[in-house]
Amino acid sequence: MSLTEHLTAAFLAFENKFSAEHNEKVNEIRSNAFTHFEKMGFPSKKDEEWKYTSLKSLLKHDFKVFPKVQNTTEFKEVKKYFLHEIDTYKIVFIDGVYSSFLSETTHDGFDICLLSAALAKPKYKMVIDHYFNKIAKKEDSITSLNTAFSKEGAYINIPKNTVVPKPVQILHFTTGTVSEVLTQPRNLIVVGENAHVQIVERHQSLTDNVVLTNSVTEIFANKRSIIDYYKIQNDLKSASIIDNTYIKQAQQSVASVNTFSFGGNLTRNNLEFYHEGEYITSNLNGITIIKDKQLVDNHTLVNHKFPNCESHELYKGIYFDASTGVFNGKVIVEKEAQKTNAFQQNDSILIDDKASVNSKPQLEIFADDVKCSHGCTIGQLDEDALFYMRSRGIPKKEAKALLLYAFANDALEKIKIPELKTRITKIISNKLDVNLGFDI
Amino acid sequence: MLKIKNLHANINDKEILKGIDLDIKAGEVHAIMGPNGSGKSTLASVIAGKEEYEVTKGNVILNGEDLDDMAPDERAHKGIFLSFQYPVEIPGVSVTNFIKTAINETRKANKQEEISAKDLLKKIREKAELLEIDRKFLSRSLNEGFSGGEKKRNEIFQMAMLEPKLAILDETDSGLDIDALKIVANGVNKLKNKDNAIIVITHYQRLLDYIIPDYVHVLHQGKIVKSGGKELALELEEKGYDWLK
């Protein structure tokens, strides 16, 4: 059986199990989504949006969609993947199944819990009907595939005027109990008026079985709300991810997404911001450090539709060995979106001869009174800077690491959780294979 | 301390240094002057071991040891320090952390223990005072957003912290106003002792009013065309370089 046939069979079985208490609308959404996926199939390199990233070899695997899991993972085995230095809410999944043992959810003042619960219980019906699958791109086949199988993930609903006092961690672990797993988490995040929440998301494979994650996250940032979202992608070489994140922002909201891509086999991020009001700020930051034959592809979109909004985009990449980077940054400024400030910068350093980067800024500006800029640099390490440090007694390896660290620094400065910043810095010094003897 | 014998060096197959001889003893200050493009900065870079330059003939010997095959960091560990004309900005790494790394890497190479936090702080306080550096300055990112004068002062501060045997000051006076120049020169003079040596590379005589050289050498087209005492600098100031060509 081909993967598509396999998925069809799995979907039919899943569809049969839609129970009576499930929301009929959601079932319809799933069925429509699967029909769309069947029609479109997986994207190939012929699609403009997938020109530089091929899923071909990945799709040869016979992925299990809903693996039977023995959930025996203990906290001490996975502790290091948690931001355990500080108190947080935690929503943890193992092979796509919720682990109550590792989680810490709440309904006290706000909901930080499971999508499966929100889909099943009548009291969430209004929110689900209002938000579920409202911003996820229906014409996208990969997103449709996720929608068809959407069943589990994080459900976060923060009512208005609420500041969530501690960060929320969303962790997805995959174990070795079943080989070749396809997990499709679905997150729904609603941030009410004047509310504020910080979220850290991580996908982590615990063995070297082949894993493909196709994740969809919908975020609704209501008036004057603030959301800070951090994605840690530092997975094993057997793990690949397609991360689709869609954000809809209402007036005066500030949404920031920081993507740290340090590992995995293939990492594709589709990150899209849609504006529905004035005086909105969207921040997109990314640091990529990869080696061997790893690939990280950041596809972003900021759709400026209303006047007086701003977007700030900064992606930095360091590529070792024969690794590949893709950056496709689309900024649309519609006719009505006067006084838009849109800035985009993508800087890459290629360390080795076989590393490559495809960087494509795409600005479509239909308004005439706007400030938009984009910049793109691809270079190598600055030899003069290296010599400077070496002349002070710092050996080549350490000097290189310091320079690379300095290069990534402005994107690192955007992290607002100090413990997370320390953690990311440590991951970076591990990636650069140095111990600098101080917390940079 | 430093012996340079018939040194020839190329960059991209173009010969820049065409036979330089220099003998510098401990406790001495040598000034190297010359017009733009005469090879002054190249000489500094070659002594410090910049890899883009190829030494085609001759040698550089520090305390009896040929530096030929040594990397820049190894030369630094042996006690060579180059103060840059254009110091590099390193965002995200504070002055203190950079110096700490430099000191400890040098100590490690010389099989010494790492400097203790207490000793490091004490030394920083002492040397910062010497160069009239505000303590706040030390927690800023290295050279990032520093004025020209601050960068140069920071170079001499690093020199003070690293205590090199041979310090080469490449155009340290450029970008300094007269007050900053006095502070920097005063710092250098206090760091000078009978066991170390200093090479001052400068285009103008101005700096040499404050750092008095024992010898002055004039470099022209990759060769030392004249050497003399400190009065040679004054003569150059008066007559320019043309009379030497």
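This is a guided tour of a predicted model, moving from the contact between its chains to the domains, a helix and a sheet.

Begin by selecting chains A and B together and looking at where they meet: the contact draws 25 residues from chain B and 22 residues from chain A. On the chain B side, colour helix 2 (72-77), strand 7 (90-94), helix 3 (95-109) and helix 5 (148-162), each of which supplies at least two residues of the side that touches chain A. Helix 3 of chain B gives the most to that side, with seven residues. If you then colour by class, the side of chain B that touches chain A shows 13 nonpolar, seven polar and five charged residues.

Next, hide chain B and select chain A by its domain assignment, which gives domain 1 (3-276) and domain 2 (387-440). The centres of domain 1 and domain 2 of chain A, taken over C-alpha atoms, are separated by 31 Å, and the contact between these domains takes 12 residues from domain 1 and 10 residues from domain 2. On the domain 1 side of that contact, highlight strand 8 (196-205), strand 10 (226-233) and strand 12 (254-261) of chain A, each supplying at least two residues; by class, this side has seven nonpolar, three polar and two charged residues.

Staying with chain A, display the open sheet of 10 strands, whose order is 2-1-5-8-10-12-14-16-18-20 and whose pairing is mixed. Its edge strands are strand 2 (97-98) and strand 20 (371-379) of chain A, each of which pairs on one side only. Zoom in on strand 18 (residues 341-350) of chain A, which runs parallel to strand 20 of chain A and is joined to it by nine bridges. Within this part of the view, pick S348(A), which stands opposite I378(A) in strand 20 of chain A.

Now return to chain B and select residues 2-244, which an unreviewed UniProt entry annotates as "domain: ABC transporter". Over residues 2-244 of chain B the chain is 34% helix and 29% strand, with the end C-alpha atoms 26 Å apart.

For the last stop, isolate helix 6 (residues 178-191) of chain B and set a distance between its end C-alpha atoms: they are 20 Å apart, in agreement with the 20 Å that its 14 residues should span at 1.5 Å a residue. Show the side chains of its buried residues, L181(B), I183(B), V184(B), A185(B), G187(B) and V188(B). Then bring back the surroundings, where the elements covering these buried residues of helix 6 include helix 4 (117-130), helix 5 and strand 10 (197-202) of chain B.

Key: Residues are numbered from 1 along each chain as its sequence is written. Chains are lettered from A and ligands numbered from 1 in the order in which they are written. This is a predicted model: local features need pLDDT of at least 70, side-chain atom pairs count only at pLDDT 80 or more; totals for chains, interfaces and linings use all residues. Two residues are in contact if their C-beta atoms, placed from the backbone, lie within 7 Å. Helices (H or I, at least four residues) and strands (E, at least two) are DSSP runs, numbered from the N terminus. Ala, Val, Leu, Ile, Met, Phe, Trp, Tyr, Cys and Pro count as nonpolar, Asp, Glu, Lys and Arg as charged, and the others, Gly among them, as polar. Domain bounds come from an automatic or database domain assignment. UniProt positions are given in the numbering used here, feature names are shortened, and annotations may be inferred rather than shown by experiment. The expected span of a helix is 1.5 Å times one less than its number of residues. A residue is buried if 20 or more other C-beta atoms lie within 10 Å of its own, exposed if 12 or fewer, and partly exposed in between; C-beta atoms are placed from the backbone. Two strands pair if DSSP finds at least two bridges between them.
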